[in-house]
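Reader: Please show the structure, and let us then discuss the terms used to describe its aromatic residues.

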Amino acid sequence: QLPFSAIMALVDEACRPGPCESDAQPSIFSLWNLIIRPPRARYEMSHMGPGKFMAGDVAVVRRDFEVVNPRGHTLQCSIFEPHMDGVGDQDAVRPVVVYCHGNSSCRLGALEAVPVLLPLGIALCTFDCSGSGKSDGEYVSLGWFERDDLATVVTTIRSANPGRAVGIWGRSMGAASCLMHAPRDSSIKAA
């Protein structure tokens with residue numbers, strides 16, 4: 001098993017522009033590209049559902065927004081906010097779980113958590129990592145740079161509502177991102 005630093009060196013080498021120097025390089029690049037550039041999940045925004053809907057007895061409002069990560073990539077994000085009285089309680093400070101999708105996936109993966117979290121009064125934020133879904137970027141790093149995407153989204157949520165409790169949850173590559181980010185942010189309430 002290669003150490004992670006060796007893997008990242010291979011990523012840097014594979015992403016470096018320039019002609020192939022030998023007959024072996026094109027096949028190595030193609031193999032490596034399957035890992036760092038998996039098929040991008042494509043979807044329409046209509047697949048995210050309506051902007052307002054009911055999850056059980058709870059009215060839910062989805063708001064889409066964009067953030068820019070440290071590498072300059074624009075990330076596409078959505079937050080689902082519960083309104084427990086059915087009309088809207090925008091002043092309430094509700095906890096939020098930030099969901100990180102897996103490799104070859106996108107923010108649609110978080111939709112299965114809507115009927116679980118929202119009726120409990122917990123908001124759900126999800127985003128397309130750089131190189132995935134509708135976000136900018138060409139490659140994924142299986143969690144290494146995606147942890148910075150997560151940090152950017154968490155910072156944005158906190159700046160909008162400083163008292164809000166934030167938890168993180170990920171699947172596959174997203175779980176790796178969460179595990180690498182959590183030690184850097186002691187204010188994360190659950191991972």
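Author: Trp169 is partly exposed, with a relative accessible area of 33%. The model is predicted: local features need pLDDT of at least 70, side-chain atom pairs count only at pLDDT 80 or more, and totals for chains, interfaces and linings use all residues. Residues are numbered from 1 along each chain as its sequence is written, and side-chain values use heavy atoms, without hydrogens and water.

Reader: Why is Trp169 called partly exposed?

Author: Buried means under 20% relative accessible area and exposed over 50%, with partly exposed in between (1.4 Å probe, protein chains only). Trp169 has 33%, so the residue is partly exposed.

Reader: Why is Phe80 called buried?

Author: Its relative accessible area is 1%, which is under 20%.

Reader: What makes Phe53 and Phe80 an edge-to-face aromatic pair?

Author: Rings of Phe, Tyr and Trp (its six-membered ring) pair if their centres lie within 6.5 Å; planes under 30 degrees apart count as stacked, over 60 as edge-to-face and the rest as tilted. For Phe53 and Phe80 the centres are 6.2 Å apart and the planes form 70°, so both conditions are met.

Reader: Why does this pair tie together separate parts of the sequence?

Author: Phe53 lies in strand E1 (residues 52-55) and Phe80 in strand E3 (residues 74-83), so the parts joined are 27 residues apart in sequence. Strands are DSSP runs (E, at least two residues), numbered from the N terminus.

Reader: How do you know that Lys134 sits over the ring of Tyr43?

Author: The criterion requires NZ of Lys or CZ of Arg within 6 Å of the ring centre and within 35 degrees of the ring normal. The charged end of Lys134 is 5.0 Å from the centre of the Tyr43 ring.

Note on methods. Helix = DSSP H or I, 4+ residues; strand = E, 2+ residues; numbered from the N terminus.
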